[in-house]
Amino acid sequence: CGSKILRVYDANGRRLIQAVQQKFGMIRCALEIGNDGSTVPASSISVGAGKQMWTGHSDGLVRVWDATAISMKDEIDFEPTVRAPVLCLAQAGSEIWAGTAAGSIWIVGVNRPTETAVEIAAAGSGKK
């Protein structure tokens, strides 16, 4: 993380499969979702059919990737007016939770990432 190059490695063979130069914010966090919508443990992340990779970036956007083709499928802009870096991603059932540097937590559906997200405002931020 922290690079403008997305590198995909074969964990078993320990070799670089593909490197994609980004023209957007640095990757701050990543989360892989299995083809059945389940979270893939970090120890067994791998490229495979139907899998998605979600990445949080310093430009405040979350990008959803097809883990097989290593191509971007969707781009989610939670805070278009105040783009705080996305620092963490976590899955809770069929939802993805994204935490930002502004202290907000955004929630979006795994299978509908471009639909309206729900914000849980930071304590003391004055937001509701």
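A residue counts as buried when its relative accessible area is under 20%. Arg-63 has a relative accessibility of 2%, so Arg-63 is buried. The model examined here is a predicted one.

Arg-63 takes part in a salt bridge with Asp-59. The N to O distance between these two side chains is 2.9 Å. A salt bridge also joins Arg-63 to Glu-75, again with an N to O distance of 2.9 Å. This second pair links distant parts of the chain. Arg-63 lies in strand 5, which covers residues 61-66. Glu-75 lies in strand 6, which covers residues 71-77. The two residues are 12 residues apart. Their surroundings can be compared through accessibility. Arg-63 is buried at 2%, whereas Glu-75 is partly exposed at 42% relative accessibility. Asp-59, Arg-63 and Glu-75 thus appear as a network of linked salt bridges.

The structure holds three salt bridges. One of them pairs Arg-83 with Asp-77. Here the closest N and O atoms are 2.6 Å apart. Both partners were assigned an exposure class. Arg-83 has a relative accessibility of 44% and counts as partly exposed. Asp-77 has a relative accessible area of 30%, and is also partly exposed.

Strands 5 and 6 belong to an open sheet of four strands. The strand order is 3-4-5-6, and the pairing is antiparallel. Strand 3 (27-33) and strand 6 stand at the edges of this sheet. Each has a single partner strand, so one side of each is left without a neighbour in the sheet. Neighbouring strands are turned by 20° against each other on average, direction ignored. Within the sheet, strand 4 spans residues 52-57. Strand 4 pairs with strand 5 over five bridges, in the antiparallel sense. Gly-56 stands opposite Val-62, a residue of strand 5. Strands of a sheet pair through backbone hydrogen bonds, in either a parallel or an antiparallel way.

Another set of four strands forms an open sheet in the order 7-8-9-10. Its pairing is antiparallel. The edges are taken by strand 7 (86-92) and strand 10 (118-120). Each of these edge strands has a single partner, so one side of each lacks a neighbour in the sheet. On average, neighbouring strands of this sheet are turned by 25° against each other, direction ignored. Strand 9 covers residues 105-109. Three bridges join strand 9 to strand 10, and the two strands run antiparallel. Trp-106 stands opposite Glu-119, which lies in strand 10.

The cysteines were examined for disulfides. The count comes to zero. A disulfide needs two cysteine sulfur atoms within 2.5 Å. The sulfur of Cys-29 has its closest cysteine sulfur in Cys-88, at 6.3 Å, so the two are too far apart for a bond. Seen from the other side, the closest cysteine sulfur to that of Cys-88 is in Cys-29, and this distance of 6.3 Å is too far for a bond. The exposure of the two residues was also assigned. Cys-29 is buried, because its relative accessible area is 8%. Cys-88 has a relative accessibility of 41% and counts as partly exposed.

Key. Residues numbered from 1 in each chain as written. Predicted model: local features only at pLDDT ≥ 70, side-chain atom pairs only at ≥ 80, totals over all residues. Heavy atoms only, no water. Pairing = 2+ DSSP bridges. Axes fitted to C-alpha atoms, helices over the stretch in contact; angles between N-to-C directions. Buried < 20%, exposed > 50% of the residue type's maximum accessible area, 1.4 Å probe, protein only. Salt bridge = Lys/Arg side-chain N within 4 Å of Asp/Glu carboxyl O.
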